[in-house]
Structure formats: structure tokens, C-alpha cells
Amino acid sequence: MLLPTNRLTLIDAMRPPAGFGLESAMAVTFTLNLSALLAAPAAFALAGLRDTTGDASGSTPVELVHALRAHAHKLTVFSEAGGISLPPPSRAFAFLERAVVPVRAPGGGIVHPKVWVLRYQPSDDSRGGDPAAQCLRVLIASRNLTFDESWDTLLRLDQTPDTRGARLDGVGRLFRGLLDAAVGRVETEHADRVRLLSEALQDARFELPAGVDDLAIHLFGLGEASPPFPRDPERALIISPFLTDDFFGGVYPGRVDTLVSRQEALDGLQEGTLGSIQNKYVFDDGSPFEHAEPVGGRTQEDNGEHPGAAAPPAPSPADPGRPLVGVHAKVFAFETGDRIRLFVGSANATGPAFGGNVEILAELGGSVSDLGIDRLCGGDGEDHGLLSLFRDYHRVVVEDGNGNGVSILDRTRRRIARLPMVGVVEGTGEGDNEWAVTYRSDESVPAVEGVEIHCWPLTTPGNRRQVGTAGPFEARFETTLEALSSFLAFELTHESGEQTGFVVPVPLDGVPEHRIRRLVGVLIGNAERFLRYLVALLYDDSDQLDLQEVSRTLDRSVSDGTGSISFAVLERLLRTMRSDPRRLEGLHPLIADLRADDALPPGFAELWDAIYDVAIKCTCQKGANLP
């Protein structure tokens with residue numbers, strides 16, 4: 001299950017079973033990339049996407065707009081306050097504004113789990129509202145909701161009618177605890193969603209993965225105090241990208257036969273700790289991670305990059321936008337006799353992971369023959385196993401590049417992200433598109449010597465302005481209706497040249513009801529773009545894309561300016577009507593939504609009605625062949 005050839009992308013894992021669609025979902029991630037979250041609804045709505053997208057002015061493919069609008073309001077995504085990386089601006093982020101809930105760890109550490117709970121319902125309208133027909137899926141990962149290219153684990157658990165299946169009550173406890181850990185106001189829809197999905201988890205049972213005969217969930221930072229690891233195993237393997245001496249001296253003082261990590265993490269351990277471990281390896285998949293560390297070093301598990309000029313400022317070591325490559329999986333494996341206990345999830349082999357952080361580990365029990373360390377590392381005869389990606393560790397003396405500016409930036413970032421903020425939207429003139437948003441907090445932004453602070457609404461980086469630190473925080477920006485944003489971007493720059501950027505979700509009051517309708521029209525763009533994309537939808541090719549490819553489709557251009565699309569649309573609609581009328585039936589909800597938003601080209605609604613009516617008749621005549 002952890003062999004290198006067993007690849008499962010997050011978007012594959014989220015895609016609904018055949019005949020089902022998303023009913024609701026809740027998730028938690030440490031760091032968050034909004035572009036990655038923007039792509040997630042497409043996984044719920046689309047079996048595949050074509051290479052047809054919006055243009056550089058901000059227009060977005062029609063089907064993706066439809067997917068976002070249909071599913072973004074069904075999401076609750078908890079993220080560590082200060083852990084949302086700063087992305088390029090996109091008006092499509094407006095669909096995600098009500099989905100993100102910033103949280104902080106009650107014990108003073110970080111909120112570090114990476115978990116999804118998804119509930120699907122039958123696509124058939126006659127059964128879609130039947131709770132008995134719904135099904136749950138739980139994903140427990142070591143990867144954040146980002147575009148990192150690191151090696152990770154992903155445990156997928158699907159609901160089963162078998163009463164002997166695993167219970168996942170602990171996952172529900174995690175999300176109920178996150179509600180109490182929220183920073184600022186929590187909308188009622190999020191509280192209701194967490195309550196309903198947590199109750200569903202209490203009653204559900206989940207199918208055990210192959211080779212697993214026992215499964216348990218362990219939470220830390222929300223009540224559980226003691227680590228679940230055995231005291232005296234016969235063999236022990238630990239894979240962790242981050243290490244501290246207090247883990248091996250206090251959290252788990254037992255024997256460790258094999259430890260796999262990163263070069264700098266192993267270099268950071270004391271000689272006595274290293275000497276107590278028999279085999280020490282560096283995970284080496286050929287990536288430049290171990291050999292070309294970005295300027296400023298790395299001290300924490302955060303990720304991202306600064307979009308730059310020829311010589312961009314150096315991002316701080318804990319900037320939420322630093323990319324992670326190499327090993328990022330967390331695996332604890334313990335063998336005793338013919339039994340193995342395997343732990344996967346979010347916790348690193350560090351003291352803070354079990355003493356202040358909010359973490360989750362799934363414990364899988366099974367036989368050594370099925371899940372043992374030798375099979376995991378050595379493969380199964382057809383696969384070389386993880387051992388082929390290990391190289392022997394040799395200690396390297398390195399200088400500590402972690403200056404004071406780094407720690408100051410990262411502390412300041414978290415302090416700002418935890419300020420209770422609200423935003424107020426108001427019209428500023430007689431025109432329908434003259435608006436202003438004022439972001440406020442009763443508390444002041446911390447004043448830090450040598451650090452400049454700037455902020456701007458995420459959609460309008462041209463509004464970037466310096467933030468004062470005297471008195472309560474207040475920043476007012478004039479904008480248009482479609483450029484309103486509840487995501488407030490911050491950038492901190494230290495006099496040393498280091499920099500960090502991040503996003504703070506701010507609840508908005510006073511947003512006009514017709515905002516989304518205006519936004520849909522802007523994102524779809526002109527009639528030619530809509531019709532060209534419709535032609536693409538009517539072809540059969542539907543190559544599946546991964547999460548990052550889905551996001552990239554939001555930014556590439558489709559219009560070639562030929563103006564010859566009208567006949568192509570009519571021809572393709574007529575051919576589809578004759579050859580596959582059910583395909584038009586599947587597109588009808590999209591057209592209906594766009595019609596309600598007055599976003600269809602002039603005359604298209606009447607054309608669609610005429611062709612769709614004939615298609616329905618054809619479908620009824622062929623009803624005997626329908627499933």
C-alpha cells in the first residue's frame with residue numbers, strides 16, 4: 001500500500017463514485033494554496049477537463065465556473081491561521097470566501113492534520129435526498145492542500161454496510177474541536193455541516209484496506225495526551241521529514257532500527273540521538289531538495305515560493321508558500337512477532353507534534369507478511385520498494401542560516417493572522433459598480449522594529465498599501481463589485497531583505513445579493529468564448545487531469561478571434577442530438593444555471609430549447625437502452 005508504484009492523487013481520491021455527486025465536505029489542512037482549493041470542486045463535478053480555458057483578463061471556462069458555483073458552498077475547510085499562501089490574484093477566489101475557516105491550536109502549537117470527510121449522494125434526483133443512499137469517504141493524508149511535489153501518504157477509507165468495518169468517531173471529534181479553535185466568527189452553515197457529518201461518522205463503518213484487520217484513530221492537541229506507540233517492539237521504522245531530539249528522548253525512547261528523513265533534519269540531531277539509531281537513511285528521489293536548499297534555509301513544515309523578478313526577496317523559512325519536495329510522508333512502523341502496527345497521518349517525529357500541535361494518526365494493524373517493514377522497504381518482487389529511494393546518511397557540518405529576521409517575520413505573520421477581523425462592504429456612488437470594503441479589527445497590528453507591513457485585497461494587488469501599527473487596525477479600499485474580496489493579503493518585509501506573504505480570510509458584511517451573478521458574467525466573458533467552450537464540451541475526449549492541471553486550466557486562453565464559432569456550435573449540437581442525446585441532457589443543468597444568471601449569448605437560450613426538446617424525445621424513444 002506504500003510502494004512507490006501505488007500512486008493516488010488527491011483529486012483522484014476526491015472524485016465521487018460512479019453515479020454519485022458531492023453532497024457536502026469538510027477538510028483541514030495546515031498550509032493552504034487557494035488555487036489548489038479552487039481546483040477541488042472540479043474533482044467533484046467533472047470526470048475530466050479539456051484544454052480550454054479563460055483568457056488573461058480573468059475569464060474562466062464555463063464548466064469550471066459552473067463546478068465552482070455548484071460545489072464551493074458545500075465545503076468547510078479549516079486552515080492554520082497564517083498558513084494560507086499568497087497566490088496570484090483571481091476573481092474566481094470569490095467562490096471560496098465562505099469556505100475557509102482559520103483556526104489556531106488550543107495548546108499553542110499549530111493545527112497540522114490533513115483530512116477530508118466527503119459525503120456523496122446519488123446523482124439520480126429521485127434518490128439524491130435519501131440519507132440511506134448517501135455514502136461517506138474519509139481521506140487521511142500527510143500532504144497539505146497545495147501543489148507540492150513531495151512524497152506523501154494518503155489513506156482512503158470508504159463507507160461499507162458491513163457492521164464489522166472500522167469506526168472513525170475520532171475524525172468527527174477532530175472537526176468538532178476545530179470549530180472551538182476557530183479564529184473569529186464561524187458561520188452557522190459551517191457549524192451545521194460539521195455537526196451533521198460528525199454525527200454521520202458516529203454511525204458509519206468503513207472498509208479496511210487490503211491486509212489491514214484493525215484500525216484506530218489517534219488525536220493529539222485536543223485531549224489525547226499519551227503517544228500510542230508500543231514500548232518494546234522487536235523492530236521499528238520511522239519515516240519523517242522533520243526530527244527533534246526530544247521525540248527520541250521523551251515521546252518515543254524505545255529502539256529505532258531504521259530512521260529515514262532529510263539531510264538537514266538528521267544533521268540537526270545530537271550525536272547521542274544519532275548514535276542510538278542503527279540505520280539512518282536520507283530519502284533521495286532525485287529531486288534537488290537535498291542539494292539546493294532555497295536561500296534562508298528551512299526550519300518548519302511550511303511551503304511556497306515568492307513570484308519574483310531577477311533578484312526577488314528571500315522568503316522566510318516558514319513562509320506558507322515554500323514548495324516541498326522530497327520526502328514528506330510520516331510513517332511509524334513497529335513489529336512484534338508476526339504482527340505490525342503501522343501509523344500514518346500528519347505527525348512528525350518531533351516533540352511539538354505530541355505536545356502542543358493538533359495532529360492525527362491512523363493506526364493500521366495487520367500481519368508482518370502483508371504490511372511488514374521488509375515488504376514496505378524491499379518491495380514485493382514486482383516492485384523495488386522504498387529502499388531503492390534511500391541512501392546512507394553521512395553527517396555534514398552546516399552553518400545555521402536562521403537569523404533573527406526569520407523568526408521575527410514568522411512570529412509576526414501568525415500574530416496578524418490571529419487578529420479578529422471583519423469587513424464591511426458599502427456602495428460609494430450612484431453607479432451600480434462603485435463599492436468600498438473596510439477591513440477592521442479592534443486590535444492593532446503588531447509593531448515590529450525593522451519590519452514593514454503591507455496589505456491589499458487579494459484580487460487587486462494594485463491597492464497595496466503600508467499598514468500602520470498605531471491604534472486598531474483599519475484599511476479601506478475602493479473597488480468594483482466583481483473585485484470584492486474577503487481574502488486580505490499581507491506582505492511582511494524585514495530590513496535584511498527576507499519576506500513572507502500570506503492571506504487572511506475576513507468575513508464580509510453587506511455584500512449585495514447580485515454579486516455572484518455579476519461575477520459569473522465577468523468570468524465567462526464574451527459570447528464567442530462561451531460558444532467555443534461549449535463545442536469543446538460536446539466532444540467525447542475527456543482526459544483526466546491532476547489537481548495542478550485543473551488549476552492551470554483557469555489561466556490559459558481559448559479564443560482565436562476567428563468569429564466562426566456559430567456554425568460550429570449549431571453543427572455540433574445537431575450531431576450530438578442525433579448521436580448521443582443523453583449528452584445534452586447532462587449539460588442541461590449547466591445551461592439552466594447560466595440562463596438564470598442571464599449569462600448566455602443572445603438567442604442561444606431559444607436555440608437550446610428547440611434542440612433540447614428534440615433530444616429529450618430521442619432519449620425517451622430509446623428508453624429501453626437506458627440504464
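This note goes through the sheets, the aromatic contacts and the cysteines of a predicted model.

1. **Eight-stranded sheet.** An open sheet of 8 strands runs in the order β10-β18-β17-β16-β11-β12-β13-β19. Its pairing is mixed. At the edges are β10 (212-220) and β19 (390-392), each paired on one side only. Neighbouring strands of this sheet are turned by 20° against each other on average, direction ignored.

2. **A parallel pair inside that sheet.** Strand β11 (residues 235-239) pairs with strand β12 (residues 258-261) in the parallel sense. The pairing covers 3 bridges. To check the register, look at I239: it stands opposite V260 in β12.

3. **A helix across the sheet.** Helix α5 (residues 169-180) lies across β10 and β18 (359-367). Against β10, α5 runs at about 20°.

4. **Four-stranded sheet.** A further open sheet has 4 strands, in the order β24-β21-β20-β27. Here too the pairing is mixed. The edge strands are β24 (473-479) and β27 (508-509), and each pairs on one side only. Within the sheet, β20 (residues 422-427) and β21 (residues 435-441) run antiparallel and are joined by 6 bridges. V424 stands opposite T438 in β21.

5. **Aromatic pairs.** The count comes to 22 aromatic pairs. One of them is F78 with F175: ring centres 6.1 Å apart, planes at 50°. The pair is therefore tilted, since planes under 30 degrees apart would count as stacked and over 60 as edge-to-face. F78 lies in strand β2 (residues 75-80) and F175 in α5, so the pair ties together parts that are 97 residues apart in sequence. Both F78 and F175 are buried.

6. **Aromatic cluster.** Which residues do ring pairs link into a cluster? They are F220, F229, F247, F248, Y252, F332, F334, F343 and F354.

7. **Charges over rings.** R262 has its charged end over the ring of F242, 4.4 Å from the ring centre. R465 has its charged end over the ring of F477, at 4.1 Å from the centre.

8. **Cysteines.** How many disulfides does the model contain? The count comes to 0. C135 has a relative accessible area of 18%, so C135 is buried under the 20% cut-off. C377 is buried as well, with a relative accessible area of 11%.

How values were computed:
Residues are numbered from 1 along each chain as its sequence is written. This is a predicted model: local features need pLDDT of at least 70, side-chain atom pairs count only at pLDDT 80 or more; totals for chains, interfaces and linings use all residues. Side-chain values use heavy atoms; hydrogens and water are left out. A disulfide is a pair of cysteine sulfur atoms within 2.5 Å. Buried means under 20% relative accessible area, exposed over 50%, partly exposed in between (1.4 Å probe, protein chains only). Two strands pair if DSSP finds at least two bridges between them. Helices (H or I, at least four residues) and strands (E, at least two) are DSSP runs, numbered from the N terminus. Rings of Phe, Tyr and Trp (its six-membered ring) pair if their centres lie within 6.5 Å; planes under 30 degrees apart count as stacked, over 60 as edge-to-face and the rest as tilted. A charge sits over a ring if NZ of Lys or CZ of Arg is within 6 Å of the ring centre and within 35 degrees of the ring normal. Axes are lines fitted to C-alpha atoms, for helices over the stretch in contact, and angles run from 0 to 180 degrees between N-to-C directions. Contact means heavy atoms within 4.5 Å.
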